[in-house]
Amino acid sequence: MKTRRSVLRLALGSALCFAYLMPASAQVTSPNGSYGILVNEWKVSNSNIVRGFLSSLNFDGAGNVTGPYVFITINDTVISGTMTGTYSGNPDGTNTLNLTRDSVGTLTGLLAVTDGGAGIQLLMTGGSLLGQGQVMTGIGRSAQGTMPAGSYGFQLNQWPDAQHEPLGVFGVVNLDGAGNAAGSLTVLGHDAGPTPFSTTFTGTYSVKPDGTGQMILNLDIGVTVTLATVVTDGGSTILMLQVDESDGFGSVVSGTARKQ
């Protein structure tokens, strides 16, 4: 009869053998596929400039990248077009990224793949669109072109510059899957007044096959806000960049929505 000790040795040996035979999870270090990208430039004291861009970039697995973008320029003008470029892996597990914006401006940067390939962390390090001492950072998430549906909690931030103080927008939006939106939000910040205020809204939204789209929110206070969007993470995350406002647009506002 086997002793208890021998049974334990047999079980342990079997477990170790099974673990040895199981393939190890490969570390993902280079992006492959489409990613929604949201990048913002931080204000520096000698420029008071903030900018942002939203894009759906496709990394082809062979070192080439391309995709549509929306860019908020230094004078708060909204431009859109196509980004093209290249990327390559580095020995430390990062990637070097080179982007050209419609052949009229360049950005270089570093990216690291996260979450087993589902995410990206970004730091822009140079190029004609980045001045000395200016800092642009952002994130990327695996893009998804399916129409989102359900309730999403969202946060938007107005990036401060020479004319604007920080502003925070918090809310919940319900998307019905057919292009209709409704929800509520609360705004806090010096530009919004001495105390937080809340309002409700209705609106519409749309999504293209590449994950990019648009959300138009009609606030009950009489203001209409238009957001450029990219749907990511299988529909659970939406990246957002404001591109218009009916009572005057002149700041960079961006953020994310996450499905509840």
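**Strand 14, its neighbours and the largest pocket**

In this predicted model, strand 13 (residues 212-219) and strand 14 run antiparallel and are joined by seven bridges. Within this pairing, Met 215 has Leu 227 of strand 14 as its bridge partner. The two strands form a hairpin with four residues between them, and Gly 222 there adopts a positive phi near 95°.

Strand 14 itself spans residues 224-232 and is mostly covered, with eight of its nine residues buried. Beyond it, the chain continues into another hairpin, in which four residues separate strand 14 from strand 15. In that turn, Asp 233 has a positive phi of about 55°. Strand 15 (residues 237-245) is antiparallel to strand 14, and eight bridges connect the pair. Across this pairing, Ala 228 stands opposite Leu 241 of strand 15. As a general point, side chains in a regular strand alternate between the two faces of the sheet.

These strands also take part in the lining of the largest pocket. Strand 13, strand 14 and strand 15 each supply at least two residues to that lining, as do strand 9 (149-159), strand 10 (167-176) and strand 11 (180-189). Strand 9 gives the largest share, three residues.

The largest pocket has a volume of about 490 Å³. Its lining consists of 25 residues, and those nearest the centre are Gln 158, Leu 167, Val 187, Gln 242 and Glu 245. By character, the lining comprises 16 nonpolar, six polar and three charged residues.

Note on methods:
Residues numbered from 1 in each chain as written. Predicted model: local features only at pLDDT ≥ 70, side-chain atom pairs only at ≥ 80, totals over all residues. Heavy atoms only, no water. Buried < 20%, exposed > 50% of the residue type's maximum accessible area, 1.4 Å probe, protein only. Pairing = 2+ DSSP bridges. 1 Å grid on protein atoms, 1.4 Å probe; cavity = no way out; pocket = protein on both sides within 12 Å on 5 of 7 lines; lining within 4 Å. Points joined across faces, edges and corners; volume = space filled by probe spheres on them. Nonpolar A, V, L, I, M, F, W, Y, C, P; charged D, E, K, R; others polar.
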